[in-house]
Amino acid sequence: ATESSEPVDAEMISSRKLSAARVLIAEDSSINQEVASQQLRVMGCQVDVVDNGVAAVRAVAQTAYDLVLMDCQMPEMDGYEATRHIRREEEDNSGFRLPIIALTANAVKGDREACLAAGMDDYIAKPFTQEQLRTVMLRWLPTAKFANDTASKAVGSSKAADTAYPPLLDQDALRSIRELERNGANGMLARVVQMYRASAPQLLSDIRRGVDEGDVDRTRRAAHTLKSSSANLGATVLASLSKRLEDQARSANMAEVNALAGQIESKLVQTLDALTSEVAREHA
């Protein structure tokens with residue numbers, strides 16, 4: 001082997017590895033499923049999607065995947081427990097160790113340790129760009145050997161809106177979706193905005209029902225999904241408010257949750273209008 005290969009050769013090898021990869025996405029948000037699937041398909045990957053950990057464990061048992069993108073928080077069985085199940089099966093069968101990359105909306109201290117403790121190999125924070133996804137996949141795809149000193153900076157960066165006064169929409173996130181359109185995913189922005197328009201009010205309704213019924217877990221799950229979906233569409237204010245609501249629900253502070261739900265309801269109307277304008281601008 002030689003160490004003097006040209007960068008274009010390395011790029012060609014990487015592209016071949018990606019185009020040969022079969023990837024499972026385990027993610028309960030339909031918007032996040034759509035964005036990640038399109039990102040992978042643009043890279044040439046074969047993609048399957050499941051929406052909970054039980055289905056992920058079943059899919060891995062039935063199909064020879066090269067890599068799994070595993071959301072950490074899902075209904076029925078979360079990503080941590082699903083990963084532990086998969087690792088136990090591998091130990092029993094003494095088989096190939098499947099690379100599992102955690103998808104997390106909480107790029108905070110301790111997340112990486114929790115992922116590794118569950119048996120995951122790495123994690124990437126949502127929302128992520130196609131290049132960030134490509135980088136982490138190449139790091140873990142079977143037989144992938146490459147030395148790219150710039151690769152590590154991509155994983156773990158997060159655009160989840162935690163600033164005090166974020167803009168209503170993050171144009172970088174919208175540009176990432178439009179880039180997918182330029183790579184063949186025609187009408188991508190209009191499609192995910194329509195999905196968000198349908199799902200976000202329902203998630204807000206779930207939050208309010210959880211508050212009314214004292215169901216902390218239901219409230220937290222709905223807030224988590226709304227946070228993640230909002231961040232992927234660049235809806236930074238809603239992502240930030242949903243994160244705060246999720247945190248308060250986890251602490252069972254339902255009075256504060258109810259107040260935050262009112263703020264989310266107000267900002268949701270503004271955000272949907274802004275997203276509709278973004279779609280209209282594309283066709284102007």
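Two strands are taken to pair if DSSP finds at least two bridges between them. In this predicted model, strand E1 (residues 22-26) and strand E2 satisfy that criterion with five bridges, in the parallel sense. Within this pairing, Val23 has Val47 of E2 as its bridge partner.

The pairing of E1 with E2 belongs to an open sheet of five strands, arranged in the order E2-E1-E3-E4-E5 with parallel pairing. Strand E2 (46-50) and strand E5 (122-125) form the edges, each being paired on one side only. From one strand to the next, the twist averages 20°. Helix H3 (residues 53-62) lies across E1, E2 and strand E3 (67-71), and its direction makes an angle of about 165° with E1.

The largest nonpolar core comprises 37 residues, among which Leu189, Tyr196, Ile207, Leu233 and Leu245 touch the most other members. At least two residues of this core are supplied by each of helix H2 (30-42), helix H7 (171-182), helix H8 (188-213), helix H9 (216-232), helix H10 (236-250) and helix H11 (254-282). A second core, separate from the largest one, contains 23 residues, including Ala26, Val50, Met74 and Cys115.

The surroundings of Leu189 were examined further. When neighbours within four places in sequence are set aside, Leu189 is in contact with Leu174, Ile177, Arg178 and Glu181, as well as with Leu233, Glu278, Val279 and Glu282. Of these contacts, Leu233 is itself among the core residues that touch the most other members.

Key. Residues are numbered from 1 along each chain as its sequence is written. This is a predicted model: local features need pLDDT of at least 70, side-chain atom pairs count only at pLDDT 80 or more; totals for chains, interfaces and linings use all residues. Side-chain values use heavy atoms; hydrogens and water are left out. A nonpolar core is a set of buried Ala, Val, Leu, Ile, Met, Phe, Trp, Tyr and Cys residues joined through side-chain atoms within 4.5 Å. Buried means under 20% relative accessible area, exposed over 50%, partly exposed in between (1.4 Å probe, protein chains only). Helices (H or I, at least four residues) and strands (E, at least two) are DSSP runs, numbered from the N terminus. Contact means heavy atoms within 4.5 Å. Axes are lines fitted to C-alpha atoms, for helices over the stretch in contact, and angles run from 0 to 180 degrees between N-to-C directions.
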